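Hi,

Here is the structure I promised to pass on. Have a look at it first, and then read my notes underneath.

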Amino acid sequence: MYLVADISVEICAATSCRLCTQFCPEANTILYNNDAGKEKGLKYGSAYVAVDRCKGCAQCVWVCDNMAKHHAIKMIMIDQLPKAALTDNVTYGEKTTTVQLASPVIG
Ligand code: SF4
Ligand code: SF4
């Protein structure tokens with residue numbers, strides 16, 4: 001087992017910062033879902049992590065904690081994730097990227 005980043009929709013979707021998406025060193029790993037949290041009345045959408053690409057470096061945690069000051073990202077053992085997004089489920093359109101959330105990855 002190993003650690004991957006997990007983003008709280010409740011916290012992230014209450015902001016519009018998107019900062020972590022600019023700092024993850026792995027391409028196409030922190031993605032953004034404009035509709036996440038809308039069912040709870042949160043209006044900005046949320047970043048999320050494609051866990052099969054996450055290398056566990058925790059750079060996004062540092063960015064969210066210390067630059068954005070939002071504390072929305074925690075490192076979690078991959079088998080403890082409540083739900084997870086996989087890049088296998090990402091389809092690349094001509095101008096858009098869509099994703100289906102798979103839940104759970106394990107267990
Ligand atoms: S830095 Fe934090 S609050 Fe900002 S988009 Fe990333 S997870 Fe959300
Ligand atoms: S832990 Fe590292 S690789 Fe994983 S999402 Fe955060 S910045 Fe990207």
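Below is what turned up when I went through it.

One thing up front: this is a predicted model, and the values I quote are computed from it.

Let's start with the ligand. The shell around ligand 1 is made up of Ile7, Cys12, Thr15, Cys17, Arg18, Leu19, Cys20, Cys64, Ala68, His70, Ala72 and Ile73. By type, that shell splits into nine nonpolar residues, two polar and one charged.

You'll have spotted the cysteines in that list, among them Cys12, Cys17, Cys20 and Cys64. A disulfide would be a covalent bond between the sulfur atoms of two cysteines. How many disulfides are there? The count is zero, going by sulfur distance. Cys12 counts as buried because its relative accessible area is 10%, under the 20% cut-off. Cys64 is buried as well, with a relative accessible area of 7%.

Arg18 is worth a second look. Besides being one of the residues around ligand 1, Arg18 sits over the face of Tyr32, 3.6 Å from the ring centre. As for pairs between aromatic rings, the structure has zero.

Tyr32 leads on to the strands. Strand E2 (residues 30-33) runs antiparallel to E3, and four bridges join the two. Within that pairing, Tyr32 stands opposite Ala47 in E3.

Which residues of E3 (residues 46-49) are buried on each side? Ser46 and Tyr48 are buried on one side, Ala47 and Val49 on the other, so both faces of the strand are covered. That fits the general pattern: side chains in a regular strand alternate between the two faces of the sheet.

Cheers

Note on methods:
Residues numbered from 1 in each chain as written. Chains lettered and ligands numbered in written order. Predicted model: local features only at pLDDT ≥ 70, side-chain atom pairs only at ≥ 80, totals over all residues. Heavy atoms only, no water. Phe/Tyr/Trp six-rings, centres within 6.5 Å; stacked < 30°, edge-to-face > 60°. Lys NZ or Arg CZ within 6 Å of the ring centre and 35° of its normal. Near = heavy atom within 4 Å. Nonpolar A, V, L, I, M, F, W, Y, C, P; charged D, E, K, R; others polar. Disulfide = S-S within 2.5 Å. Buried < 20%, exposed > 50% of the residue type's maximum accessible area, 1.4 Å probe, protein only. Pairing = 2+ DSSP bridges.
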